[in-house]
Amino acid sequence: MAPPRLSKKRKDVAESDESDDGLAGTALEGVLSDDEDNDSGSESDPNSDDFNDPDDDDVGNDFDATSISSADDDESKPNYKVVKDANGNERYEYAEIDPVYDSDDSDANEKGNTIGNIPLSFYDSYPHIGYDINGKKIMRPATGDALDALLETIEIPKGWTGLTDPQTGKPLELTREQLELLRRLQTSQIPEENYDPYPDLIPYFTSIEEKMPLSSAPEPKRRFLPSKHEAKRVAKLVRAIKEGRILPYKPPEEREREKGEEEEVHYDIWANEEAQERHIMNIPAPKLAPPGYDLSYNPPPEYLPTQEEKEAWEKMDPEEREKEYLPAKFDALRKVPGYGEFVKERFERSLDLYLAPRVRKNRLNIDPNSLLPKLPSPEELKPFPTVCQAIFKGHEGRVRTVSFSPDGEWIASGGDDGTVRVWSLNGHQEWVARISTEEPVQVVRWRPNKDTFILAAVAGEDIFFAVPPLVSGALEKASRDVIDLGFGHATNGAVPTTADGAKKEPPAKWSRPGSKLEAAGVLLKATVRSAIKTLSWHRRGDFLCTVSPTGQRSSVAVHTLSKHLSQIPFRRLPGLAQAAHFHPSRPYFFVATQRMIRCYDLQRQELVKILQPGARWISGFDVHPGGDNLIVGSYDRRLLWHDLDLSTRPYKTMRFHTEAVRAVRYHRALPLFADASDDGSLQIFHGKVVSDLMENATIVPVKMLRGHKIVSKLGVLDVDWHPRHPWCISAGADGTCRLWA
Amino acid sequence: MEIDTSPAQVKVIFTTTEPDLQLPESGQQLLVPGDIKRYGLSRILNSESMLNTSSPIPLDFLANGTFLRTSIEEYLSTNGLSSESTLTLQYVRSLIPPVYEASFEHDDWVGDVDVLSSTSPAGLGASVNDRIASASYDGLVRVWNPSGETVATSAAGRGGGHTLRLDAVKWLSPKQIASAGLDRKVVIWDYTESSDGFSGSLKPNMELWGHEKAINSLAVNGPAGRILTASSDGRIGLWSSSKKTAPQADPETLPSAHSSKKTKLSSAANTAQRGPLAMIAAHDEPVTAAVFHPNDNTVAYSASKDHTVKTIDLTTSREVSRLTTLHPILSAIALPGSLIAAGSSARHITLLDPRESAKSTVVMTLRGHVNMVSSLAPSPDNEYSLVSGSYDSTCRVWDLRSVHHGLEEGGGSVSEPVYTIGREWLKEKKLPAAGDGAKVLGVAWDATWGIVSGGEDKKVQINRGRGLFAS
């Protein structure tokens, strides 16, 4: 490997030499061409030149040595003399320098005045007019008296001008030639006489090639060869430039620019900006707008705001202003006051630069409808009630309550006229009993057992139990037996006493309602302490609970029909009780106060759960037949669905009514529920509850039933479902009930 | 050759099933212009060369089983037939609207009506006076003569009659009426009439006890002396109309078993009390109708609010088959053509085919009512029409032949009413909302009487029922 490498190296060197030569030959040839001519002129014989070089040096040295020795000879004789000055010290007095003949010191021999460029008149009061180079006074030349002057006028010296030389103070004398020269200069002529500015052209060199040249010698070879010496010098320069010892030449304008740049420092605030691709997603920071005419201290008058514009601008909220300044006119730039908003403006600009996200957001392009939960269309959820099928007319005044009998054949209603009426489904009134003359019938509820036919109705403080005579003897007898079963218990039951032995008033008195009502079928009456608002049966039909909101301590009462016994389960309730229901399958008891629904375990005698529907005033609620869900209606127009397993807050809130929701009711067999509102409408919902814990209830509003008239701001007061069919009955304040199917 | 710009002539063959309207042999084939419509065809047929009727008989034309409502040309083009094909047109007597004839006023709602005439099932073939029996909600059965006079009124509760409202009444024979209602019993009345026909009497023959809840409907088979009842207790009762053959009533079902002294006293003890031949617990929910098979009195059909129609073999008291629909059924009749028409609470009438061999159970749906269909009556004249009474205050007459195919629930084809009979006092008015005050509760159709309907307006209304359809 070594030999080829070496050879290569050598080759490299040779190449570099060649390149050097090439460089020198091309770049410097023209520059040095003049010198070459001179050389050729001086060096007549190149051969002798080479040989004589060392001799020349010697000769030069010799000459230098002799010159130095001669100088040594002059110095042996000092050019000063030592004299004593006034103090007796030595003082060197140098001899006058005698300038040599060819000295260009033209002023040397002229003893000029050294006072400088001051007017001579300063010396008018002195006998001298200045000082010469040696500090001696130059005495004022004697000014002749008038006689002398006269004499001199008679004998005018040659070249007299009558002028005084200001330098010397002597009369200035000029020769005739000098005067002639002055005259010529004054008349802008060529100062020299007989000078011909336009001489005839003598053609010393011609462009005409002579046929017969003066010399027939051939062109010397050196005329065609590049100079080795120059090549050496050029190579030297090139090496120096390569090594950096000689900096290359810069054009003057660039140098000037560099100089200027050094003096003035500019900072590019966008210098650090990262170069971003030109892309649609990149948003560069906005640059400040250049100032416009209206920002000028002296804007054109059309930019100046009028008085009204100024007032409008000042009235406007600072955030709403289109511009943050008002154009103003000043006479001069120095009268422009400082800009008060400067710091604020810079701050806001900085905030904008580093806080505002300059990123184009990828907006999700999703159809909002696709985000909605997939609800089945109402058509698929049939059957549900859609039209009014029967109108039950007969009540005078409002109908406050309706109820379907457990077999679905009968409808009971109660209203402000104090009557309880039982209707068949086609709208025919089958039975009526006036249970109260003053109080409206607040609630009617059938006992939820098919083996009896007992209707509980509430008017004021009384609960009536009736067996309408519409059923078979066996059924009627069974019903009567259930009602009468408790009479034995009432007498046997120990009368509760208070601590001091006094008889405590029982929570309710159970008695016969009187023969007239008994003949009509109303067989039992229980009177509690205060007016009852709601009533609800336990599923077995033995217990029923009543709520009398005004009854303070005894507001919620649980009655046992088989024992004619009433109990007050709660000593104290936070807030007014509104409604109460039994759990459909477990020993739980729900009590709604104005804002909350409390769930109690009746066996363990403890509070299980507190539901907070978030309504201001609960009007009523109903428990799903499955027992895990609850719907709550409120006077603030809301219908709330609670999932007891989910949370204490409502699972769904529905606002479909413009007025208070009065009643809510689940269908006992079908996935339907309805609410009744004061706006005269019923809203029917499909509410399917699945046993799967992972799946929430599907709630779909399916139908708004309208038909009831609004009477004194009351619309529909109660609603109930047929036990099996998708039919519902509503009680209206207009005195009618309506069956919807 | 002259270019004929008039519409193409269509070759038509006229046929008919009515013997009194037969055409002479020569007139049965005819070339008629293609743009001719029903009226033109009727004119042609009534002309001298054809039927040569003394007074024009309006005729309707059936092409391939459907009524011709357009011109012949349009009919051919819509059915994709060539105009050169021969069209067979069956001509029938045109329908005359069921004109209002009379109203009989009652004291209370009329729950059911039945008619007696020589053409009615009860009086078939016999020479009887035309009578209407109406069951009213005041518990009384009234018998009316054609001039609107009450011939006889049943006794009230104390006199052995009904104590609660009546929902069903039927003529068993010209001498007997069966009525039933909310008081759970069927009363067989003996009807006697004075010779002048202006006064009569209804005497309770016997009471049939056995149901625990209201009886919703009655069906009678006079020749066999059988009565079917449908009750809200979910059972169907089969009873004998004869006091002799009827078994003794179960004492548990009698009201005296439970009632107090007072009611015991009030109930008339002088009426015989009998029990059912069979009590068939077929349904879980109220049975709304039980009808005999039109030709076989050992087969009954029962319809219930539990959405089913069941076929019941009365000899074994067993359910044979069941048809399930989508809605509670409030009324049902058996049509002669082995179909059952069931009026549902979902405002339509479903025609069901109870035969085992039937491909689909729901044959046809009749839509048009806007409220529950409470009663149905078949046409006395033919197999393909019926009348329905609904809570929407109308009776509607249906022709099962005029159908179009619907894609709605239940499948089958859909038909629309031919005539709508409103209550006469509500004439020219809008239908009351929810049928308020004018619900039709019972309807009967007889060749003599026409369409008789009673309802909430305490009236029995009679509309002309003949000639509504041509056969």
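Colleague: What is the mean pLDDT of chain B, and what share of its residues reach 70 or more?
Modeller: pLDDT is the predictor's confidence in each residue, on a scale from 0 to 100. For chain B the mean is 82, and 92% of its residues reach 70 or more. We're looking at a predicted model, where local features need pLDDT of at least 70, side-chain atom pairs count only at pLDDT 80 or more, and totals for chains, interfaces and linings use all residues; side-chain values use heavy atoms, with hydrogens and water left out. Residues are numbered from 1 along each chain as its sequence is written, while chains are lettered from A and ligands numbered from 1 in the order in which they are written. As for overall scores, ipTM is 0.81 and pTM is 0.65.

Colleague: And where in chain B is confidence lowest, and where highest?
Modeller: Where pLDDT is low, the predicted coordinates should not be read in detail. Helices (H or I, at least four residues) and strands (E, at least two) are DSSP runs, numbered from the N terminus. In chain B the low point is helix H3 (residues 261-266), with a mean of 46, and the high point is strand E20 (residues 287-292), at 92. Residues 261-268 of chain B fall below 50, and beyond near neighbours in sequence that stretch has seven contacts (heavy atoms within 4.5 Å) in the model.

Colleague: On to charges: how many salt bridges are there over all chains?
Modeller: Side chains of opposite charge can pair when their charged atoms come close. The cut-off here is a side-chain nitrogen of Lys or Arg within 4 Å of a carboxyl oxygen of Asp or Glu. Searching the whole structure turns up 42 of them. One of these joins A:Asp416 to A:Arg398, with the closest N and O atoms 3.6 Å apart. A:Asp416 sits in the loop between strands E9 (410-415) and E10 (419-424) of chain A, and A:Arg398 in the loop between E7 (388-393) and E8 (399-404), so the pair ties together parts that are 18 residues apart in sequence.

Colleague: What does a salt bridge inside one helix look like?
Modeller: Take A:Glu476 and A:Arg480, both in helix H11 (residues 473-484) of chain A, four residues apart, about one turn of the helix. Their closest N and O atoms are 3.5 Å apart. Buried means under 20% relative accessible area, exposed over 50%, and partly exposed in between (1.4 Å probe, protein chains only). A:Glu476 counts as buried at 17%, whereas A:Arg480 is partly exposed at 31%. Elsewhere, salt bridges that share partners link A:Arg445, A:Arg665, A:Asp718 and A:Asp720 into one network.

Colleague: Is strand E26 of chain A mostly covered or open?
Modeller: Mostly covered: E26 (residues 629-634) has six of its six residues buried. A:Asn629, A:Ile631 and A:Gly633 make up one side, and A:Leu630, A:Val632 and A:Ser634 the other.

Colleague: Which strands does E26 of chain A pair with?
Modeller: Two strands pair if DSSP finds at least two bridges between them. Strand E25 (residues 618-623) runs antiparallel to E26 over five bridges, with A:Phe621 standing opposite A:Val632. Strand E27 (residues 639-643) is also antiparallel to E26, again through five bridges, and here A:Leu630 stands opposite A:His642.

Colleague: Which residues take a positive phi in those two hairpins?
Modeller: Between E25 and E26 there are five residues, and A:Gly627 has a positive phi near 95°. Between E26 and E27 there are four, and A:Arg637 has a positive phi near 70°.
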